[in-house]
Amino acid sequence: MTILVGYLPTPEGEAAVDAGLREGALRSERVIIVNSPRRGAPVDEHKIDDDASAALLARARAAGVDAEVRQPLHDDDLPETFEELVKETGGTLIVIGLRHRSLVGKFILGSEAQRILMEASVPVLTVKAPR
């Protein structure tokens, strides 16, 4: 069984990793940290490098959790990428960080996080970064 953690190098992503590692330790489950760059993007400031990946894995080891980092490419359907990983890995939980948005932003702009919440076939744990 596996816990999937959505990760971007942001405070919300860090909060998601912290929560995912806690859940992995509590459940004795493996954690896959998912940093999914958009396919074809010339520059993606959210894609992590090997050093950042190694740091995430060191955090997992320190928490006593077996983990790996994956960077599957996605087009415009990140929720589908998560769903494919759930099926492939036997995922039991998805952990994502939510950023603070205005009411207008929530109404006008769709959100990948909202779609993951609505479409995931497994429970989704959402966390916020401390203010």
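Two strands are taken to pair if DSSP finds at least two bridges between them. In this predicted model, strand β1 (residues 2-6) and strand β2 (residues 30-34) pair in the parallel sense, with 5 bridges between them. Within this pairing, Val-5 stands opposite Ile-33 of β2. Strand β1 is also joined to strand β4 (residues 91-98) by 4 bridges, and these two strands likewise run parallel. Here Thr-2 of β1 is placed opposite Gly-91 of β4.

Strand β1 is mostly covered, 5 of its 5 residues being buried. The residues of β1 point in two directions: Thr-2, Leu-4 and Gly-6 one way, and Ile-3 and Val-5 the other. Both sets are buried. Val-5, the residue opposite Ile-33, and Thr-2, the residue opposite Gly-91, therefore each have a relative accessible area under 20%.

The connection from β1 to β2 involves a helix: β1, α1 and β2 make a β-α-β unit of right-handed sense. Helix α1 (residues 11-27) packs in turn with helix α2 (residues 50-62). Two packed helices are described by the angle between their axes and the distance between the axes. For α1 and α2 the angle is about 30° and the axes lie 10 Å apart. The crossing of the two helices is right-handed. On the α1 side, the contact is made by Glu-14, Val-17, Asp-18 and Leu-21, and on the α2 side by Leu-56, Arg-59 and Ala-60. By residue class, this contact comprises 4 nonpolar and 3 charged residues, with no polar ones.

Methods. Residues numbered from 1 in each chain as written. Predicted model: local features only at pLDDT ≥ 70, side-chain atom pairs only at ≥ 80, totals over all residues. Heavy atoms only, no water. Axes fitted to C-alpha atoms, helices over the stretch in contact; angles between N-to-C directions. Left-handed = near helix turned anticlockwise from the far one by under 90°. Contact = heavy atoms within 4.5 Å. Nonpolar A, V, L, I, M, F, W, Y, C, P; charged D, E, K, R; others polar. Buried < 20%, exposed > 50% of the residue type's maximum accessible area, 1.4 Å probe, protein only. Right-handed = clockwise from strand over helix to strand, strands pointing away.
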